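Student: I'm new to this one. Can we go through its pockets and its ring pairs together?
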Amino acid sequence: MLNIGVLISGRGSNLQALIDASECGDIPAKISIVISNKSDAYGLERAKKHNIPAVFINPRDFSDKNSYERKIVETLKQYNVGLVCLAGYMKIVGEVILTEYKGKMINIHPSLLPKYPGLHAQKQALEDKAKVSGATVHFVDEGCDTGSIILQAEVPVLENDTEDSLSARILEQEHKIYPEAVRLFVEGKVKF
Ligand code: GRF
């Protein structure tokens, strides 16, 4: 069975969706390791509740980005990871991780890419007075949210939406399309 490594920085609700899908057999793969760059990421607790190894790797313990990423790659390799899922991982992935996992690393983003890449995608949609927004699962490449798209889900942007209300509506879709995209990858139905 394919081993999945998940990189997080915070809440971990997408991680939870992946764990649940894996446990109920919707994803024929195992979440084998969760890595966070933040010590207080709630996703670490979520993983532990499901007996999934979860580690905080502190960027401050490393002299530069490359050595930090080498530690991440080493950890992923220890668990024989064949797919890396970024789930609210707030660091830009650099060349060390990409060299090892390009084509085997995917991300979820809260907009219909290529619209609104980067931070605060929901706020960008509101400021742009968009009528629709949504979520995208895509392969990770060198750019910021530029990799090829695997799945998208659309949601309406309502007139009285706030960043919070729009984020919540999008998040509901994220939790559906992320496990679905992982399933497509694991079953060999999408390739980089
Ligand atoms: C999600 O909105 C995801 O699209 C973005 O960061 C957020 C992470 O949320 N990349 P969570 O930690 O999965 O709850």
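Tutor: Sure, and keep in mind that the model is predicted. Let's start with a term: a residue counts as lining a pocket if it has an atom within 4 Å of a point of that pocket.

Student: So what makes up the lining of the second largest pocket?
Tutor: Ala125, Leu126, Lys129, Ala130, Lys131, Val157, Leu158, Glu159 and Asp161 line it. By class, that lining has five nonpolar, no polar and four charged residues. The volume of this second largest pocket is about 180 Å³.

Student: And how much space lies in the largest pocket?
Tutor: About 930 Å³. It is lined by 35 residues, and those closest to its centre are Gly88, Tyr89, Met90, Ile108 and Pro110. Helix α6 gives the largest share of the lining, four residues.

Student: Why is the pair of Phe62 and Tyr68 called edge-to-face?
Tutor: Ring centres have to lie within 6.5 Å to pair, and planes over 60 degrees apart count as edge-to-face. Phe62 and Tyr68 are 5.6 Å apart centre to centre, with 65 degrees between the planes, so the pair is edge-to-face.

Student: Is Tyr68 buried or exposed?
Tutor: Buried means under 20% relative accessible area. Tyr68 has 2%, so it is buried.

Student: Why does Phe62 count as partly exposed?
Tutor: Partly exposed runs between the 20% and 50% cut-offs. Phe62 has 24% relative accessibility, so it counts as partly exposed.

Student: Which residues do ring pairs link into a cluster?
Tutor: Phe139, Phe185 and Phe192. The count of aromatic pairs comes to three.

Methods. Residues numbered from 1 in each chain as written. Predicted model: local features only at pLDDT ≥ 70, side-chain atom pairs only at ≥ 80, totals over all residues. Heavy atoms only, no water. 1 Å grid on protein atoms, 1.4 Å probe; cavity = no way out; pocket = protein on both sides within 12 Å on 5 of 7 lines; lining within 4 Å. Points joined across faces, edges and corners; volume = space filled by probe spheres on them. Helix = DSSP H or I, 4+ residues; strand = E, 2+ residues; numbered from the N terminus. Nonpolar A, V, L, I, M, F, W, Y, C, P; charged D, E, K, R; others polar. Phe/Tyr/Trp six-rings, centres within 6.5 Å; stacked < 30°, edge-to-face > 60°. Buried < 20%, exposed > 50% of the residue type's maximum accessible area, 1.4 Å probe, protein only.
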